[in-house]
Amino acid sequence: MALGIDDISIKITHCGVCYADVIWARNKHGDSKYPLVPGHEIAGIVKEVGSNVLRFKVGDHIGVGTYVNSCRDCEYCNEGFEVYCAKGSVYTFNGVDADGTITKGGYSSHIVVHERYCFKIPDNYPLASAAPLLCAGITVYAPMKRHKMNQPGKSLGVIGLGGLGHMAVKFGKAFGLHVTVFSTSVSKKEEALSQLGADKFVVSSDQEQMTALVKSLDFLIDTASGDHPFDPYMALLKTGGTLVLVGFPSEVKFSPASLNLGMKTISGSVTGGTKDTQEMIDFCAAHEIHPMIEIIPIQYATEALERLVKKDVKYRFVIDIENSLK
């Protein structure tokens, strides 16, 4: 099949393992279309470019995130917020593309994507590190920028220390914030403080530790997907503070007083548009921010999904496609 004039043919070298891969590989939402190829944290090398492609040339390092198409004509697409496309963006895998085909993701050796949805990865930034930025990284970076969390000296709380949470800590420190991690696993304390650079670690089930922090935080990023109460966290925000939800618990429940009395904001977010994504990749390269990853061969993918469900990963699996998918 000939390459479309705006398309880029990519040799995939690495693909991050995201909880989305578990959801659709195992048909958790009842809408999986098999045969299914998961993977939406894709890094690789440009193999071929269509005649209209200007931003990339053969041999360039390139990334693809959670979506590969959109209407390119609505107010959101026009502002570089393609992920919020009014007609719905086309997901990188298990999505229905404009021509009716089902999209296939990054657990594969190649992918063809329209130039608009591809990102330049600087040559000095490792492709394995770049992969998790394309979902985990941008999911926290976009709302942090949107809610002006890049103000040095302010205080940030990060709820949940997984793929998303550990990136929120890294960005928070790079933005000059005082960062507190909230986790149910005390086993993560040492690493959060020493390796990720968090300033404080709180076991969220410890009433005393939680009470000590009432009205002390400017921002909270909630990455926890397990069910948890919201009122105790809302109480930690200062007047006018903001909680951003990026996880998907089964419900969000809090008292109106938790919101109203302190003039607080609760906000949601998914990944991010093309503009924010490229900005984040460049920021990570400039500040030498790298996700903590465990590199695995493709043959280990099923086991990796199993371990991800058990939260047994620090903090993102990355499949070495290039050396294991022959």
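Helices and strands here are DSSP runs, a helix having at least four residues and a strand at least two, and they are numbered from the N terminus. With that naming in place, I can say that Pro 35 lies in the loop between helix H1, residues 19-25, and strand E2, residues 42-49. The peptide bond that joins Tyr 34 to Pro 35 is cis, with omega at about 0°. Please keep in mind throughout that this is a predicted model.

There is another cis peptide bond that I would like to put beside that one, and it runs from Lys 314 to Tyr 315, with omega near -15°. Tyr 315 is placed in the loop between helix H10, residues 301-309, and strand E15, residues 316-320.

Let me turn to helix H3, which takes up most of this talk. Helix H3 covers residues 127-146, and for its 20 residues, at 1.5 Å a residue, the span should be 28 Å; the C-alpha atoms at its ends are 27 Å apart, which agrees. That agreement should be read together with the local geometry, since H3 bends by about 55° at Leu 133. As for its surroundings, H3 is mostly covered, with 18 of its 20 residues buried.

One residue of this helix that I looked at individually is Ala 128, which lies in H3. Is Ala 128 buried or exposed? Its relative accessibility is 10%, and because buried means under 20%, Ala 128 counts as buried. If we set aside the neighbours within four places in sequence, Ala 128 is in contact with His 14, Ile 293, Ile 295 and Val 318. The C-alpha atom of Ala 128 is also separated by 9.2 Å from that of Pro 291, although these two residues are 163 residues apart along the chain.

For a contrast in separation, consider Ser 205, which is found in the loop between strand E10, residues 200-203, and helix H6, residues 207-212. Ser 205 and Ala 301 are 96 residues apart along the chain, and their C-alpha atoms are separated by 33 Å. Ser 205 itself is exposed, with a relative accessible area of 59%.

Now to the partner of H3 that I would like to discuss, helix H9, residues 274-286. Helix H9 has 13 residues and reaches 18 Å from its first C-alpha to its last, which is close to the 18 Å expected at 1.5 Å a residue. Two packed helices are described by the angle between their axes and the distance between the axes. For H3 and H9, the axes come within 9 Å and cross at roughly 100°. Since 65 to 115 degrees counts as roughly perpendicular, that makes H3 roughly perpendicular to H9.

Which residues meet where these two helices come together? On the H3 side they are Leu 133, Leu 134, Gly 137, Ile 138, Tyr 141, Ala 142 and Lys 145, and on the H9 side they are Asp 276, Thr 277, Glu 279, Met 280, Ile 281, Phe 283 and Cys 284. Leu 133 is thus listed in this contact, and Leu 133 is also where H3 bends. The buried residues of H9 include Met 280, Ile 281 and Phe 283. Besides H3, the buried residues of H9 pack against strand E4, residues 67-69, strand E7, residues 118-120, and helix H4, residues 163-174.

A word on the cysteines, where a search of the whole structure finds zero disulfides. Cys 18 is in no disulfide, and the nearest cysteine sulfur, that of Cys 135, is 3.8 Å away. Why is there no bond between these two? A disulfide needs its sulfur atoms within 2.5 Å, so the 3.8 Å from the sulfur of Cys 135 to that of Cys 18 is too far for a bond. Cys 18 is buried, with a relative accessible area of 7%, and Cys 135 counts as buried at 7% relative accessibility.

I will finish with the backbone residues that have a positive phi. H3 is followed by Lys 148, whose phi is positive, near 55°, although Lys 148 is not a glycine. Lys 148 is found in the loop between H3 and strand E8, residues 155-159, and it is exposed, with a relative accessible area of 54%. Helix H9, in turn, is followed by Glu 288, with a positive phi near 50°. Asn 94, a residue other than glycine, has a positive phi near 60°. Asn 94 is found in the loop between strand E5, residues 90-91, and strand E6, residues 110-114, and it is buried, with a relative accessible area of 6%.

Key: Residues numbered from 1 in each chain as written. Predicted model: local features only at pLDDT ≥ 70, side-chain atom pairs only at ≥ 80, totals over all residues. Heavy atoms only, no water. Expected span 1.5 Å × (residues − 1). Bend = angle between axes of the 7 residues up to and from the residue. Buried < 20%, exposed > 50% of the residue type's maximum accessible area, 1.4 Å probe, protein only. Axes fitted to C-alpha atoms, helices over the stretch in contact; angles between N-to-C directions. Parallel < 35°, antiparallel > 145°, perpendicular 65-115°, else oblique. Contact = heavy atoms within 4.5 Å.
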